[in-house]
Amino acid sequence: MSGRLESVLSNPDLEVREQEPLHRHTTMGVGGPARYWVEIRSERALKIILQTLQETTLPRYVLGGGSDTLFTDEGFQGVVLHPSGARDLNIHHNEMVVGAGWVLSRVIQHAARTGLSGMEELYGIPGTLGGAVAKNAGAFGREIAELVSWIEVYRWDGSFHRISGDEAGFVYRDSQVRREGVIWRVALQLRPGNPDAIRQQMNNIYARRTRSQPYGFRSSGCIFRNPPGDSAGRILDQMGLKGYRVGGVWVSRRHANFLVHRGEARARDVLELIREIRQRVQRERGISLHPEVVLVGPRGEEPW
Ligand SMILES: Cc1cc2nc3c(=O)[nH]c(=O)nc-3n(C[C@H](O)[C@H](O)[C@H](O)COP(=O)(O)OP(=O)(O)OC[C@H]3O[C@@H](n4cnc5c(N)ncnc54)[C@H](O)[C@@H]3O)c2cc1C
């Protein structure tokens, strides 16, 4: 970042760090450094940084809670944008308009307090609202796409767009809007409900999560997408892969679709384990498993 770098560095709503270790910013806890890490604390600051990026060819990537992103040990030779300042929250009738930097579960807690229902099944999914929309997060039969009325997004060329949920290109655990730029604000269409009943449902969902998923380990959640009509976790479990290990990372004994570690793993261990599992499932079951987590190499997102 040359030219405008001065104005960026002197802006109190932008914090630029060089060689920021990315393992600190993902739930998997692996990955080398980002050449630049940019903390964006206001919408105005986002516009400035996007303008600045027009002058460079540096790769760019948006990171929310880092619960669905895997960086390699080489790190990222570009700019990671972290839109932590997208934090407004307004309610009009049954519509909640929320900054993408909010932690998803906090949005759901807030909805519950105000007697707005519809998102309870998503309670406990880690990460931000922006990440949930970008990845069309879902659980227990509910996907966030069903609730999105519109999204405000700043595209990489700096242009601002308000698009409808229908225009976001939502598919199973992904969207088109994820590739377009930075989601700043999202409107969610909810329905009135009794706060106690909503809270009860959230507690039930949370309890079901904690019973079935490994807690207290580093992970990226479910590592593989479910193949059509089946469950990746069930397949791996049936194949006896629970506990299977490469270096410091292994297949969780509680949920076979989770790869976990205690902080000693490298990204290459995770990648090697994923590669071995895919090969075995292909060879022994004839099924192609596709990872759900976004893989980011030194120059950007990489295909699996
Ligand atoms: C223990 C555990 C349990 C999980 N359970 C579930 C589950 O039940 N269901 C489910 O769907 N997922 C689950 N996940 C995966 C993950 O939590 C979700 O996909 C989550 O919504 C990702 O949010 P994030 O902010 O962490 O995304 P990140 O990892 O930060 O980003 C994910 C993708 O979204 C993009 N992105 C993030 N923010 C923005 C933004 N503001 N604008 C544009 N693009 C953006 C990133 O560029 C990246 O491509 C789980 C993960 C863990 C660790």
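**Entry 1: the S6–S7 hairpin.** I looked up Ile91 to see what stands across from it, and its bridge partner in S7 is Met96. I note here that this is a predicted model. I then followed the whole pair: S6 and S7 are joined by four bridges and pair in the antiparallel sense. Two residues lie between the strands of this hairpin. I checked the backbone there and found that His93 takes a positive phi near 55°.

**Entry 2: from S7 to S13.** Next I asked how many bridges hold S7, residues 95-99, to S13. I counted five, again in the antiparallel sense. I wrote down two of the contacts by residue. Glu95 has Gln189 of S13 as its bridge partner, and Gly99 has Arg185 of S13.

**Entry 3: the sheet as a whole.** I traced the strand order and got S6-S7-S13-S11-S12, an open sheet of five strands with antiparallel pairing. Which strands are at the edges? I found S6 (89-92) and S12 (160-164) there, each pairing on one side only. I also looked up the turn between neighbouring strands of this sheet, which is 20° on average, direction ignored.

**Entry 4: a second sheet.** I moved on to S15, S16 and S17, which form an open sheet of three strands in that order, with antiparallel pairing. S15 (245-246) and S17 (259-260) each have a single partner strand, so one side of each is left without a neighbour in the sheet. I looked at the pairing of S15 with S16, residues 249-251, and found two bridges between these antiparallel strands. Val246 stands opposite Val249 in S16.

**Entry 5: helix H2.** I went through H2, residues 43-53, for buried positions. My list reads Ala45, Leu46, Ile49, Leu50, Thr52 and Leu53. Why do I say that they line one face of the helix? Seen down the axis of H2, the buried residues fall within an arc of 155°, so they line one face.

**Entry 6: around the ligand.** I looked up the residues surrounding the ligand and found 33. The closest are Gly64, Gly127, Gly130, Gly131 and Gly221. I then noted the elements that give two or more residues to this shell: S3 (60-62), H4 (129-134), S9 (138-139) and S13 (181-189). H4 gives the largest share, four residues. S13 turns up again here, after its place in the five-strand sheet. Sorted by class, the shell has 14 nonpolar, 15 polar and four charged residues.

Technical notes
Residues are numbered from 1 along each chain as its sequence is written. This is a predicted model: local features need pLDDT of at least 70, side-chain atom pairs count only at pLDDT 80 or more; totals for chains, interfaces and linings use all residues. A residue is near a molecule or strand if its C-beta atom, placed from the backbone, lies within 6 Å of it. Ala, Val, Leu, Ile, Met, Phe, Trp, Tyr, Cys and Pro count as nonpolar, Asp, Glu, Lys and Arg as charged, and the others, Gly among them, as polar. Two strands pair if DSSP finds at least two bridges between them. A residue is buried if 20 or more other C-beta atoms lie within 10 Å of its own, exposed if 12 or fewer, and partly exposed in between; C-beta atoms are placed from the backbone. The arc is that of the directions from the helix axis to the C-beta atoms. Axes are lines fitted to C-alpha atoms, for helices over the stretch in contact, and angles run from 0 to 180 degrees between N-to-C directions.
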